[in-house]
Amino acid sequence: MKYTVILTLTLLLTVRFSYAQQEQKVAYIVDSVTVVHDPEPGNEILQDDIADVTIIKNKDTLKLLGFENFDAAAYLFTKAYRSRPEEIRKIPSTYQMKKTDSLWYFRDAPYTGPVINYYYSGKKFQEGTFKDGKAEGTRKMYFQNGKVLMERSYSNGREHGLEQEYYRNGALKQKGEFVNGKEEGVWEIYFPNGQIKQRSTFKNGQIDGETTIYYSSGKVLAVEVTKKGKTSPDKRLDKIHDALKKSQAKYREGDTKTALKYCTKAIETDSTYAEAYFNRGTIKLNNLQFDEAIADFDKALSIEPYFYKAMTNRAYAKIRKCQFSGSRQLGSTHGVRVLATKKDTKIPEQELTLICGDLKQAYFLGDDQQSVTDGLAEFCGGVNAQ
């Protein structure tokens, strides 16, 4: 198979080649698997992961290998790959297969046997078994730290049986049953402390009946009812939800002052509703009211310690506070202040520790949006520093 993808590949930023500064089109092959997409955060290959590199520039050789549209091919082998027994190396990955009409083909035939996929670092990412080109039995996915990310059962290529998902520390995150590819029965989501976060009932792949949502303290946050695909929210929260909807509408209109008042109204209706403090804090953060925003995020997290969106925003409120400290105001529009940021702002070590603590915990809890991964990369040594 030939590849003509031009890769920017952040995965290789730490690898230095003599021609790296030139405008050249390079194909990368890691542990015998051609890379066709830039890696997601957490799947980079680092210098310490690499055992050896072979660079091929000869045009005839590149054509023979199927890389005639490239200026060079870089064959990288990881230390993990080099240390694998030969019988393990022979097990194919799905990256070396082709899927056609719901069947996985290897060497032009529906594949039967074990399959192992790896991170670019060479660590195991996924393993399972195929039978006649279809997934069969238990498939496991792993974090880079080696702990199980997910276990899922398959039958004849479809999800069938128990699925369990885990946090990076091994704590159970979610479990439920599939029947012929669709969720069925009770599914539960958990906080890292083991307390249930949400319990829903599924029928033929759709939520059917009550869904109960909890705080990590065990207190019920809301009870929703779904019938025929339509969900009725918890009536007890009508006033709060109405106030927060009006707040969002006013904020979109640029009326920050009124938007904040509606958030405060929601808080006055129920002072233990964490989302209201989060919403108000986010508006204040966007309005560069950093100390007040941090106070609201603190309050939200005192109610729900695993509220990862509040952790992320609190981290950025502290970052922005340092960046805008001592800045001058450039203007104001619809009550929103515009400030000039300082260049090369140094964040105090103690504050940076708190910021990275929030970003790492948010990522651990499942917040992998770009603002989190970028923050971890810029301030905390990257995702792999977890």
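**Strand pairing in a predicted model**

Let me begin with strand 5, residues 98-100, and strand 6, residues 103-106, which pair in the antiparallel sense over three bridges; strands here are DSSP runs of E with at least two residues, numbered from the N terminus, and two strands pair if DSSP finds at least two bridges between them. Please keep in mind that this is a predicted model, in which local features need pLDDT of at least 70 and side-chain atom pairs count only at pLDDT 80 or more, while totals for chains, interfaces and linings use all residues. Residues are numbered from 1 along each chain as its sequence is written, and side-chain values use heavy atoms, with hydrogens and water left out.

Within this first pair, K99 has W104 in strand 6 as its bridge partner, and the two strands form a hairpin with two residues between them, where D101 in the turn has a positive phi of about 50 degrees.

Strand 6 also pairs with strand 7, residues 109-110, in the antiparallel sense over two bridges, and here Y105 has P110 of strand 7 as its bridge partner. These two strands form a hairpin with two residues between them as well, and R107 in that turn has a positive phi of about 55 degrees.

Turning to the other strands, there is an open sheet of four, in the order 2-1-4-3 and with mixed pairing. Strand 2 (33-34) and strand 3 (50-56) stand at the edges, each with a single partner strand, so one side of each is left without a neighbour in the sheet. Strand 1, residues 26-30, and strand 4, residues 72-78, run parallel and are joined by five bridges, with A73 in strand 4 as the bridge partner of A27.
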